[in-house]
Amino acid sequence: MTHLSESKRVERLVGLCKLWGAIKYFHPYLAYRNDIDWDAALVAVIPKVSAANEASDYAAAVQGMLATLDDPVTRVIQQE
């Protein structure tokens, strides 16, 4: 198990927050679906992203947050 550097951990958290904000203000589902607690989705995923040592763990954590939207088009696509 590798340990992630502090700068990389912070970089991932910043990326998560940028994604969360973009979706909060621009995703159409959040404009009319009152059953989605997007703030709670962020709070739930922060510890997972912070603890993610591998890129795949980070991607899975972010995908877990995106799954809250229940939108099959909004998802993590990993580069190969």
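**Exercise 1. A lysine in helix 1**

Decide whether K8 is buried, partly exposed or exposed.

*Solution.* In this predicted model, K8 has a relative accessible area of 32%. Buried would require a value under 20% and exposed a value over 50%, so K8 counts as partly exposed.

Next, find the partner with which K8 forms a salt bridge, and say how the two residues are placed in helix 1.

*Solution.* The partner of K8 is E11, and the closest N and O atoms of this salt bridge are 3.4 Å apart. Both residues belong to helix 1, which spans residues 6-26, and because they are three residues apart, about one helical turn separates them.

**Exercise 2. Other salt bridges**

How many salt bridges does a search of the whole structure find?

*Solution.* The search of the whole structure finds four salt bridges, and one of them is the pair of K8 and E11.

Work out which residue D39 pairs with in a salt bridge, and which parts of the chain this pair links.

*Solution.* D39 forms a salt bridge with K24, where the closest N and O atoms are 3.2 Å apart. The pair links distant parts of the chain, since D39 lies in helix 3 (residues 38-51) and K24 in helix 1, 15 residues apart. As for accessibility, D39 is partly exposed at 39%, and K24 is partly exposed with a relative accessible area of 30%.

Find the residue whose side chain meets that of R33 in a salt bridge, and classify the accessibility of this partner.

*Solution.* The side chain of R33 meets that of D35, with 3.2 Å from N to O. D35 has a relative accessibility of 59%, and because values over 50% count as exposed, D35 is placed in that class.

**Exercise 3. An aromatic pair**

Classify the arrangement of the rings of Y29 and Y32.

*Solution.* A pair of aromatic rings is described by the distance of the centres and the angle of the planes. A search of the whole structure finds one aromatic pair. Its rings are those of Y29 and Y32, whose centres are 6.1 Å apart and whose planes stand at 65°, so the pair is edge-to-face. The cut-off used in this step is an angle over 60 degrees. Y29 and Y32 both lie in helix 2 (residues 29-32), where they are three residues apart, or about one turn of the helix. Y32 itself is exposed, with a relative accessible area of 55%.

**Exercise 4. Helix 3 and its two partners**

Describe how helix 3 packs with helix 4, and state how the two helices are oriented.

*Solution.* Two packed helices are described by the angle between their axes and the distance between the axes. Helix 3 and helix 4 (residues 55-67) pack at an angle of about 165°, and their axes are 9 Å apart. Because an angle over 145 degrees counts as roughly antiparallel, helix 3 is roughly antiparallel to helix 4. The crossing is right-handed. Among the residues that meet here are W38, L42 and V49 in helix 3 and Y58, V62 and L66 in helix 4.

Now give the same description for helix 1 and helix 3.

*Solution.* The axes of helix 1 and helix 3 come within 10 Å and cross at roughly 165°, and these two helices are therefore roughly antiparallel to each other. This crossing, too, is right-handed. The residues that meet include L13, L16 and W20 in helix 1, together with W38, L42 and I46 in helix 3.

**Exercise 5. The segment after helix 4**

Where does R33 lie, and with which residues is it in contact beyond its neighbours within four places in sequence?

*Solution.* R33 lies in the loop between helix 2 and helix 3. Leaving those neighbours aside, R33 is in contact with L69 and D70. The C-alpha atoms of R33 and L69 are separated by 9.2 Å, although the two residues are 36 residues apart along the chain.

Explain what stands out in the phi of D70.

*Solution.* Most residues other than glycine have a negative phi. D70 is not a glycine, and yet has a positive phi of about 55°. D70 lies in the segment after helix 4 and is exposed, at 57% relative accessible area.

Is T74 buried or exposed, and what does it contact?

*Solution.* T74 is also in the segment after helix 4. Its relative accessibility is 17%, so T74 counts as buried. Apart from neighbours within four places in sequence, T74 is in contact with I23, H27, Q63, L66 and L69. One of these, H27, is 47 residues from T74 in sequence and 9.2 Å from it in space, C-alpha to C-alpha.

Key: Residues numbered from 1 in each chain as written. Predicted model: local features only at pLDDT ≥ 70, side-chain atom pairs only at ≥ 80, totals over all residues. Heavy atoms only, no water. Phe/Tyr/Trp six-rings, centres within 6.5 Å; stacked < 30°, edge-to-face > 60°. Buried < 20%, exposed > 50% of the residue type's maximum accessible area, 1.4 Å probe, protein only. Axes fitted to C-alpha atoms, helices over the stretch in contact; angles between N-to-C directions. Parallel < 35°, antiparallel > 145°, perpendicular 65-115°, else oblique. Left-handed = near helix turned anticlockwise from the far one by under 90°. Contact = heavy atoms within 4.5 Å.
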